[in-house]
Amino acid sequence: MAGLEVRGAEVRFDERPVLDGLSLTVAQGEIVAVLGPSGCGKSTLLRSIVGLQPLSSGEVWLNGKDLTTSPTERRGIGFLFQNPVLYPTRDVAGNLRLGLPLNVPKHERAARIAEALKEVGLEGFEQRTVDGLSGGEGQRVALARALLAEPKALLLDEPFSALDGSLRQRLVDTVRSVLKARNLPAVHVTHDADEAKAIADRCLHMEDGRLREEGA
Ligand code: ADP
Ligand code: MG
């Protein structure tokens, strides 16, 4: 099946189940929001999809391939964190170069970086210093870097919670249109119901280590 699938995922910390037989299917080009209070296991779910948290049982599939035992760097899944992780000693282009696959020829790199910046609404930002970026711009750079690696899915772990008001709304719009244009399956985690509705095609609630459909 094309898309992202989690089957019967289980994660325990000190015997306490945080994911308890959780299943999730995200179609190609679909954006699913996972809602739930702090501590309910949202980050654990994303970390296990990308391979940073091993499952004690269950499987992760992407586009018909079983990734359950693949290392993170081979999964082809992009990740956006709550705070963008950028290298302060490099400029924006320097940070984006780290996202480029190694097989991209040298003479194409600058053009690919320029294209990615345009895609996230930061045309011409190559030489800007990371310290001088606003929170929203920093997240856009992190998004551009994730996209340069040509991911087959994107996971977003409360990436807008440090931003407010219209800045946040504009970034929600950008992320949504980028995901739709690339037809990527995406899981967006948040504790904010309005944000979930604004970005997602479908909202799921996390409860007792599982997901349930809204209204179910
Ligand atoms: P959320 O992202 O929804 O706030 P998390 O997935 O970060 O929740 O955490 C879910 C629960 O699992 C919390 O109680 C947290 O303390 C616990 N937890 C997360 N990671 C670990 C870990 N590596 N070791 C032990 N407990 C953890
Ligand atoms: Mg979290």
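The largest pocket of this structure has a volume of about 700 Å³. The structure is a predicted model, and every value given here is computed from it. Around this pocket stand 23 lining residues, and those nearest its centre are Ile77, Gly78, Phe79, Ala146 and Ala149. Two elements, β6 (77-80) and α4, give two or more residues each to the lining. In its make-up, the lining counts 14 nonpolar residues, together with five polar and four charged ones.

The second largest pocket has a volume of about 150 Å³. Its lining consists of Leu62, Asn63, Lys65, Leu67, Glu73, Arg74, Arg75, Gly76 and Lys152. Here five residues are charged, while two are nonpolar and two are polar.

Helix α4, already met at the largest pocket, deserves a closer look. This helix runs over residues 135-148, and its 14 residues reach 20 Å from the first C-alpha to the last, close to the 20 Å expected at 1.5 Å a residue. Most of α4 is covered, with 13 of its 14 residues buried. Just after the helix, Glu150 adopts a positive phi of about 55°.

The interior can be followed next. The largest nonpolar core holds 40 residues, and within this core Leu96 and Leu179 touch the most other members. At least two residues apiece come from β3 (31-35), α2 (92-97), α3 (106-119), α4, β7 (153-157), α5 (165-182) and α6 (193-199). The greatest contribution is that of α4, which gives seven residues to this core. With residues up to four places away in sequence left out, Leu96 touches Ile113, Leu117, Val141, Ala144, Arg145 and Leu148. A second core, separate from that one, has 27 residues, among them Leu22, Ala153, Leu155 and Val187.

One further residue may be considered by itself. Thr44 lies in helix α1, which spans residues 42-50. Is Thr44 buried or exposed? Thr44 counts as buried because its relative accessibility is 13%, and the cut-off for a buried residue is under 20%. Apart from residues up to four places away in sequence, Thr44 touches Val11, Phe13, Val18, Leu19 and Gln53.

To return to helix α4, this element gives two or more residues to the lining of the largest pocket and also gives the most to the largest nonpolar core.

Terms used. Residues are numbered from 1 along each chain as its sequence is written. Chains are lettered from A and ligands numbered from 1 in the order in which they are written. This is a predicted model: local features need pLDDT of at least 70, side-chain atom pairs count only at pLDDT 80 or more; totals for chains, interfaces and linings use all residues. Side-chain values use heavy atoms; hydrogens and water are left out. Helices (H or I, at least four residues) and strands (E, at least two) are DSSP runs, numbered from the N terminus. The expected span of a helix is 1.5 Å times one less than its number of residues. Buried means under 20% relative accessible area, exposed over 50%, partly exposed in between (1.4 Å probe, protein chains only). On a 1 Å grid over the protein atoms alone, a cavity is a set of points where a 1.4 Å probe fits but cannot get out, and a pocket is an open set with protein on both sides within 12 Å along at least five of seven lines; lining residues have an atom within 4 Å of a point. Grid points are joined across faces, edges and corners, and a volume is the space filled by probe spheres set on the points. Ala, Val, Leu, Ile, Met, Phe, Trp, Tyr, Cys and Pro count as nonpolar, Asp, Glu, Lys and Arg as charged, and the others, Gly among them, as polar. A nonpolar core is a set of buried Ala, Val, Leu, Ile, Met, Phe, Trp, Tyr and Cys residues joined through side-chain atoms within 4.5 Å. Contact means heavy atoms within 4.5 Å.
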